[in-house]
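Student: Hey, can you walk me through this one? I'd like to start with how the strands line up.

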Amino acid sequence: MPSSKKANAAPWNDSTLALLVHGYAWLPNRMRRSRDGTVRTRLMGRPAIALRGPDAVAFFYDEKHVVRTGALPDPVLDTLFGQGAVHTLDGDVHRVRKALFIALLKDGAGVAALGEHVTRRWREGTADRQQDRVVLFDEAAAVLARAVGDWAGVPLSDAAAADLARDCTSMVDGFATLGPRHMHARQARRRQEDSLAVLITDVRATPEADSTDSALEAVARHRDLDGNLLGPRTAAVELLNIIRPTVAIAWFATFAAHALHRWPQHRDLLRADTEGSYAEAFAHEVRRFYPFAPFVAGLAAQDLTWHGEHVPKDALVLLDLYGQNHDPALWEDPYRFDPRRFASPEGPQDPLEILVPQGGGDAARGHRCPGEDITVTALAAIATELARLDYEVPDQDLGIPLSRMPTLPRSGFELLLR
């Protein structure tokens with residue numbers, strides 16, 4: 001029998017407004033006040049329970065416990081993920097759709113190729129730019145849009161690449177808010193879905209190639225569990241779910257520059273890193289230290305018990321990502337920026353097993369982001385290029401407001417290239 005304790009909370013205790021006001025700090029602050037390591041509240045009128053820790057990750061990513069179907073509200077789907085996206089599926093339907101993404105990254109060759117495109121486009125973008133004052137966030141997004149277009153086989157003119165970068169960052173920037181940012185995100189998604197749906201239809205009008213190595217070709221030819229091609233709009237959604245997260249690495253790239261500015265000793269370590277191991281550790285620490293996703297959410301698949309706590313069917317279950325990445329029970333001195341914790345892991349806990357900036361679990365079987373290796377590879381490449389780049393950091397507001405989701409240094413991190 002389930003415990004008599006309930007995950008329900010009174011309607012007037014709904015935390016939606018508090019989440020919007022306090023942003024990344026909302027859930028960790030609630031966790032610190034919790035006596036049992038869980039938070040019980042309501043979000044958008046629905047009973048919710050928030051969890052944290054390695055055992056919570058295993059619990060959350062078990063489909064017998066937590067499902068995604070119906071968990072994401074339309075405002076998030078209409079901006080960030082898209083209607084009908086893989087993020088909304090469960091069971092065999094999800095695994096077949098997820099296999100599309102896994103196949104593109106098989107054996108690490110796809111990831112390495114994308115990393116090479118990022119490096120090439122970065123060097124092209126910074127060549128002969130002396131005395132240019134640029135906003136790094138905008139420049140990184142443009143570089144990443146061109147690189148993922150090259151890799152995915154999506155033809156992009158300079159104007160189209162600029163539009164894609166702007167629209168993808170708008171989708172991410174506006175999903176967790178109200179007002180103009182949210183409306184711009186909806187419009188951006190609609191524009192890109194329209195454009196990519198036409199491209200998908202054009203690909204299908206040509207004979208099928210011997211190889212479907214490009215993401216465009218693979219998505220256009222993918223067949224779901226029922227054996228049917230995805231509808232052009234759904235295929236566009238999934239192609240955009242490869243492109244948009246890659247462009248979103250611009251957030252981490254900007255945080256990498258922020259870290260190099262605050263702790264410049266890492267520049268020499270990155271310059272001297274001939275094998276890429278320190279760059280990879282640096283990328284992991286950027287992802288751990290800086291705020292990106294505050295939490296992930298699903299719905300309780302059935303009546304559950306979590307550490308003696310009753311979780312009713314269809315309650316929201318939240319996994320506290322930002323809080324876990326800064327939990328002193330898991331990380332020594334969690335507010336110290338130290339890539340060495342990933343460069344030479346020691347102790348009983350592998351740090352990669354508790355690192356959850358983009359979720360946890362098994363990417364092949366569960367809902368963990370299959371593009372996490374892309375993030376690490378692209379971020380390591382950009383961090384290395386930043387360490388080698390000759391620039392000044394003019395006076396500006398480099399504060400990172402935790403009340404804003406997603407957040408950035410307020411200036412976007414301006415550089416003066418020398």
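Tutor: Sure. Let's begin with one pair: A50 has L318 in strand 8 as its bridge partner. Keep in mind that this is a predicted model.

Student: Okay, which strand pairs with strand 8 there, and in what sense?

Tutor: That's strand 2, residues 46–51, and the pairing with strand 8, residues 316–320, is parallel, over four bridges.

Student: And what order do the strands of that open sheet come in?

Tutor: The order is 1-2-8-5-3, so to speak from one side to the other, and the pairing is mixed. The edge strands are strand 1 (39–43) and strand 3 (66–67), each of which pairs on one side only.

Student: How many bridges join strand 5 to strand 8?

Tutor: Five, and those two strands run antiparallel. For a pair to look at, find G298, whose bridge partner in strand 8 is V317.

Student: What about strand 3 and strand 5, parallel or antiparallel?

Tutor: Antiparallel, over two bridges, with strand 5 covering residues 295–300. There, V67 has L299 of strand 5 as its bridge partner.

Student: New topic. I clicked on F175. Where is that?

Tutor: F175 sits in the loop between helix 8 (158–174) and helix 9 (180–204).

Student: Why does F175 count as partly exposed?

Tutor: Because its relative accessible area is 24%, and partly exposed covers the range between under 20%, which is buried, and over 50%, which is exposed.

Student: What does F175 touch?

Tutor: Leaving out residues up to four places away in sequence, F175 touches V76, T79, L80, H182 and P406.

Student: And how far is F175 from T69?

Tutor: They're 106 residues apart in sequence, and from C-alpha to C-alpha the distance in space is 18 Å.

Student: Let's zoom out. How many helices and strands does the chain have?

Tutor: There are 18 helices and ten strands.

Student: Why does the radius of gyration agree with a compact globule?

Tutor: Because a compact globule of 418 residues would come out near 22 Å, and this chain has 21 Å. Along the principal axes, the C-alpha trace spans about 70 × 55 × 45 Å.

Student: How much of the chain is buried?

Tutor: Buried residues are 53% of the 418. As for the surface, the chain exposes about 18,300 Å², and carbon and sulfur atoms supply 52% of that.

Student: Last one: how many positive and negative side chains are there?

Tutor: The chain has 48 positive and 56 negative ones, and the centres of the two sets are 5 Å apart.

Key: Residues are numbered from 1 along each chain as its sequence is written. This is a predicted model: local features need pLDDT of at least 70, side-chain atom pairs count only at pLDDT 80 or more; totals for chains, interfaces and linings use all residues. Side-chain values use heavy atoms; hydrogens and water are left out. The radius of gyration is taken over C-alpha atoms; the globule rule is 2.2 Å times the number of residues to the power 0.38. Buried means under 20% relative accessible area, exposed over 50%, partly exposed in between (1.4 Å probe, protein chains only). Accessible areas come from the Shrake-Rupley method with a 1.4 Å probe; for residues, only the protein chains shown count as cover. Lys and Arg count as positive and Asp and Glu as negative; His and the chain ends are not counted. The place of a charge is taken as NZ of Lys, CZ of Arg, CG of Asp or CD of Glu. Two strands pair if DSSP finds at least two bridges between them. Contact means heavy atoms within 4.5 Å.
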